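Trainee: Could we go through this structure together, asking at each step what a description rests on?

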Amino acid sequence: MLLIIGAGVIGLSTAMEALNAGHRGDHITIVADEYSPETTSDGAGAIWRPVFLQDTPVELSDGWAQKTVDRCTTLGPIPPAVAMCFVTLLD
Ligand SMILES: Cc1cc2nc3c(=O)[nH]c(=O)nc-3n(C[C@H](O)[C@H](O)[C@H](O)COP(=O)(O)OP(=O)(O)OC[C@H]3O[C@@H](n4cnc5c(N)ncnc54)[C@H](O)[C@@H]3O)c2cc1C
């Protein structure tokens, strides 16, 4: 059994990763005091970019950023019902 606290992007992503790793759906429980569309994640702009973290070596944060964008771009096709697409922003 897997209990996930929180139904924002972190909680739901954790649930998806657990499913993809072979956990049975009926063994995963998500508990939260707010669910979509009431979470902070529902209001996020979904903008991704590398960030500067004050005391974190830039090689580390750049590595995390690269892993994140690699993961996001290999998630597979986005269902048409989801109003989302990848766009490139330039500073
Ligand atoms: C206006 C706005 C725009 C943003 N735009 C971007 C963006 O473009 N790019 C970006 O990367 N980030 C953006 N962010 C930040 C991003 O939204 C958050 O970092 C992200 O949504 C956090 O996800 P989360 O799953 O950790 O938290 P949340 O989405 O806040 O989810 C938390 C979950 O935990 C539950 N919970 C919390 N405490 C308890 C408790 N004690 N008991 C039970 N349940 C609990 C809540 O009910 C909820 O279900 C934006 C934020 C805002 C406000």
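Mentor: We will take a strand residue, two helices and the ligand shell in turn, remembering that the model is predicted.

Trainee: Why is Leu2 called partly exposed?

Mentor: Leu2 has 13 C-beta neighbours inside 10 Å, and since a residue is buried at 20 or more and exposed at 12 or fewer, Leu2 falls in between and therefore counts as partly exposed. Leu2 is found in strand E1, residues 2-5, and, leaving aside residues up to four places away in sequence, Leu2 touches Ala18, His23, His27 and Ile28.

Trainee: What makes helix H2 lie largely in the open?

Mentor: Burial needs 20 or more other C-beta atoms within 10 Å, and of the 15 residues of H2 the number buried is zero, so H2 lies largely in the open.

Trainee: How do you know that the span of H2, residues 58-72, agrees with what is expected?

Mentor: The expected span is 1.5 Å times one less than the number of residues, which for the 15 residues of H2 should give 21 Å, and because the end C-alpha atoms are 21 Å apart, the two agree. H1, with twelve residues, reaches 16 Å from its first C-alpha to its last, close to the 16 Å expected.

Trainee: What does H1 give to the shell around the ligand?

Mentor: Helix H1, residues 9-20, gives the most to that shell, with three residues. In total 18 residues surround the ligand, the closest being Gly6, Gly8, Ser41, Ala44 and Gly45, and the shell divides into eight nonpolar, eight polar and two charged residues.

Notes
Residues numbered from 1 in each chain as written. Predicted model: local features only at pLDDT ≥ 70, side-chain atom pairs only at ≥ 80, totals over all residues. Near = placed C-beta within 6 Å. Helix = DSSP H or I, 4+ residues; strand = E, 2+ residues; numbered from the N terminus. Nonpolar A, V, L, I, M, F, W, Y, C, P; charged D, E, K, R; others polar. Contact = placed C-beta atoms within 7 Å.
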